[in-house]
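Trainee: Could we go through this structure together? I would like to begin with the aromatic rings.

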Amino acid sequence: METQICILGAGPAGLMAAIFAAEAQAQVLVIERNTTAGRKLLKTGRGRCNFTHTGSIDEFVRAYGACGRFLKPALYAFSPEQVRRFFQERNLAAKVEKDGCVFPVSDRASDVCRILLETAREQNVQFLFGRRVERITQEDRFFLVHTDKQTVRASAVILATGGASWPATGSTGDGYHLAAAFGHSIIAPKPALCPLVTEERWPCSLQGIGIPHVSIRTSADGRTFQSEGPVMFTSEGLGGPAVFDLSRHLTDALSRDEKAILHLDFLPELDIQSLQNRLVSECARHPKKEPAGILSAFLPRQVCLTIQNLLWPCGGPSASQLTREQRDRLVHLLKSASLTVAKTAPLEQATITRGGISRNEIEPTSMQSRLCPNLFFAGEVIDADGPCGGYNLQIAWSTGALAGISAAKILQKP
């Protein structure tokens, strides 16, 4: 079987690469190990698909941190605004939530996946589903893509096989060994945007309970990081978007067996004096209540009981008996509770992968390999990641589009 461009992976990066390459008049074939496209895409945003974020390209570059400069050409090739327009032109209405996250109005990731597949097929993109690529070799100026059932000959190959997180969706890091066979360095995959495991066990007793707005501060590798948003207590510690964002910054240090201290502000909307005043007022209104009852005006009941037990294991004083010193201790715990992070959750539980094919070996203006002509990369297989909020899907869209455009352009050269 022959094609001009062979794309490995029918996830968001692979599908967008296929669309842009086909629009440039290239013959495109997509090989996918699953029997359907976009299995991981369907899980994003808890099935709602937060497909990008508001903000300028420069704001995106800053949000990406160390990999922002590398991603900048791809963002200009297919910007967040252009992504929104792409789906809008295909009748997908979008909504922007308060935090800048962009979702389909339908809240269905399946709508995003459907549009990508329909657009690709309109451009005559061909698909081979249920094929696992075992190796890629070269013959003269062509690539031979060997699957478990057949071999495809192509002039260019785009690796868009994803990372190693959520392996149940087919994202098992296959692209790493395929790239390594062409001499590429692989930055060790680590979990990112994932739950954190704490040494303290009291969060585990609150498993399944969430707090909608928490501010968390921590340090790693000589830098301080802060995140705000929802937090969810898990069987081993903490999860939720605010924790996931911090996990990106901690995963490298934690992989070296270093530990991190989280400082949690459970009520960031109140400064210390305002919280003191509110507690005094609540105590005056409910003099017979224990601290947990007073705190129920601010936080979920079970969280309040746990906080009370941390300070008064044998039962708390009534509100009328609460001394200034005891109230200060309570305020300190609410505004700066400390937890020791021992490790991240395993890669299988991570939303995305930190690590992958080294950025230093990829040309950022084309996504082409610097080691092997006509070999391109897109999406999570690259060592590039971003925070929660649509930033990682934007990497997939932008790098996929740029890889597709670049591969088609290479074929047009005499």
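Mentor: We shall discuss aromatic rings, a pocket and some single residues.
Mentor: This is a predicted model, in which local features need pLDDT of at least 70 and side-chain atom pairs count only at pLDDT 80 or more, while totals for chains, interfaces and linings use all residues. Residues are numbered from 1 along each chain as its sequence is written, and side-chain values use heavy atoms, with hydrogens and water left out.

Trainee: How many aromatic pairs does the structure hold?
Mentor: It holds 11 aromatic pairs. Rings of Phe, Tyr and Trp (its six-membered ring) pair if their centres lie within 6.5 Å; planes under 30 degrees apart are stacked, over 60 edge-to-face, and the rest tilted. F60 and Y391 form a tilted pair, 4.9 Å centre to centre with 50° between the planes.

Trainee: Which parts does the pair of F60 and Y391 tie together?
Mentor: F60 lies in helix α2 (residues 57-64) and Y391 in helix α12 (residues 391-412), so the pair ties together parts that are 331 residues apart in sequence. Helices (H or I, at least four residues) and strands (E, at least two) are DSSP runs, numbered from the N terminus.

Trainee: Are F60 and Y391 buried or exposed?
Mentor: F60 counts as buried at 1% relative accessibility, and Y391 counts as buried at 12%. Buried means under 20% relative accessible area, exposed over 50%, and partly exposed in between (1.4 Å probe, protein chains only).

Trainee: What about F143 and F182?
Mentor: Their ring centres are 6.0 Å apart and their planes are at 70°, so this pair is edge-to-face. It links distant parts of the chain, 39 residues apart: F143 is in strand β8 (residues 142-147), and F182 is in the loop between α6 (174-180) and β10 (186-192). F143 is buried, with a relative accessible area of 1%, and F182 counts as buried at 16%.

Trainee: Which residues form one aromatic cluster?
Mentor: The cluster is formed by F20, F51, F78, F86, F87 and W397.

Trainee: Where does the charged end of R48 sit?
Mentor: It sits over the ring of F103, 3.8 Å from the ring centre. A charge sits over a ring if NZ of Lys or CZ of Arg is within 6 Å of the ring centre and within 35 degrees of the ring normal. K43 lies over the face of W166, at 5.1 Å from the ring centre.

Trainee: New topic: which residues divide up the lining of the second largest pocket?
Mentor: The lining divides into eight nonpolar, two polar and 10 charged residues. Ala, Val, Leu, Ile, Met, Phe, Trp, Tyr, Cys and Pro count as nonpolar, Asp, Glu, Lys and Arg as charged, and the others, Gly among them, as polar. A pocket, on a 1 Å grid over the protein atoms alone, is an open set of points where a 1.4 Å probe fits, with protein on both sides within 12 Å along at least five of seven lines; lining residues have an atom within 4 Å of a point.

Trainee: And where is T119 found?
Mentor: T119 is in helix α5 (residues 109-122), and it is buried, with a relative accessible area of 4%.

Trainee: Any residue with an unexpected backbone angle? What is the phi of D107?
Mentor: D107 has a positive phi of about 60° although it is not a glycine. D107 lies in the loop between β5 (101-104) and α5 and counts as partly exposed at 28% relative accessibility.
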